[in-house]
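Biologist: Got a minute to walk me through this one? I'd like to go spot by spot.
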Amino acid sequence: VLNRSGKVQKELLEVDGEFSDDYRYVEVYNDNAVSCEKRNGKILLKGELADKSVAVITRFKKLMTAEITGNELVVKCDSPNMTCQVIYGTDTFRNPPENLKFNNGELKVQLKDGAGKVIVKLYSGKYLKDEIIFTR
């Protein structure tokens with residue numbers, strides 16, 4: 001998606017497809033959350049996009065759940081051979097975070113104090129399979 005409208009958008013675009021709670025949409029270039037809803041037989045994608053910016057929106061099958069309580073992040077995933085990365089703020093890809101391994105389908109991480117944006121990425125090898133973004 002390329003925003004040349006000179007303003008931040010709330011409704012990004014409509015896409016064909018069947019709406020399902022089994023999937024989530026994520027803007028993976030800047031790691032921003034995208035919400036979706038059914039509208040006129042299509043899927044309406046909603047989020048923010050800055051003036052003259054580019055977004056790459058991906059649909060992921062929900063393979064993990066994640067929850068933050070206090071400063072503890074709990075990630076659950078029953079799919080085998082997956083690893084997880086936790087990124088604070090913006091993922092620059094210059095210094096990739098450590099690949100964290102699940103123990104019996106669960107992973108617990110103590111978050112840094114004051115962490116505002118927390119990005120949770122699920123990988124199978126080098127392939128991104130799911131992503132959840134928290135803004136606190």
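Modeller: Sure. It's a predicted model. Let's begin with V56, which sits in the loop between β4 (42–46) and β5 (57–61).

Biologist: V56, then: buried or exposed?

Modeller: V56 is partly exposed, at 38% relative accessible area.

Biologist: And what is V56 in contact with, leaving aside its neighbours within four places in sequence?

Modeller: V26, E27, V28 and Y29. The C-alpha atom of V56 is also 8.1 Å from that of N30, and those two residues are 26 apart along the chain.

Biologist: OK, another loop. Where is D31?

Modeller: D31 lies between β2 (23–27) and β3 (32–39).

Biologist: Buried or exposed, that D31?

Modeller: Buried. D31 has a relative accessible area of 1%, and the cut-off for buried is under 20%.

Biologist: Which residues does D31 touch, not counting those up to four places away in sequence?

Modeller: D91, K117, I119, K121, E131 and I133.

Biologist: Switching to cysteines. How many disulfides does the structure hold?

Modeller: Zero.

Biologist: Why is there no bond for C84?

Modeller: Because the closest cysteine sulfur, in C77, is 8.4 Å from the sulfur of C84, which is too far. A disulfide needs the two sulfur atoms within 2.5 Å.

Biologist: Is C84 buried or exposed? And how accessible is C36?

Modeller: C84 is buried, at 0% relative accessibility. C36 is partly exposed, at 26%.

Biologist: Now rings. How many aromatic pairs are there?

Modeller: Zero of those as well. Y23 does have charged company, though. The charged end of R59 sits over the Y23 ring, 3.8 Å from its centre.

Biologist: What about K61 and Y23?

Modeller: K61 lies over the face of Y23, at 5.4 Å from the ring centre.

Biologist: Last topic, sheets. In what order do the strands of the open three-strand sheet run?

Modeller: The order is β6-β7-β10, with antiparallel pairing. β6 (65–69) and β10 (106–110) are the edge strands, each pairing on one side only. From one strand to the next, the twist averages 15 degrees.

Biologist: How many bridges join β6 to β7?

Modeller: Five, and the two strands run antiparallel. β7 covers residues 72–76.

Biologist: Which residue in β7 is the bridge partner of I68?

Modeller: L73.

Technical notes
Residues numbered from 1 in each chain as written. Predicted model: local features only at pLDDT ≥ 70, side-chain atom pairs only at ≥ 80, totals over all residues. Heavy atoms only, no water. Helix = DSSP H or I, 4+ residues; strand = E, 2+ residues; numbered from the N terminus. Buried < 20%, exposed > 50% of the residue type's maximum accessible area, 1.4 Å probe, protein only. Contact = heavy atoms within 4.5 Å. Pairing = 2+ DSSP bridges. Axes fitted to C-alpha atoms, helices over the stretch in contact; angles between N-to-C directions. Phe/Tyr/Trp six-rings, centres within 6.5 Å; stacked < 30°, edge-to-face > 60°. Lys NZ or Arg CZ within 6 Å of the ring centre and 35° of its normal.
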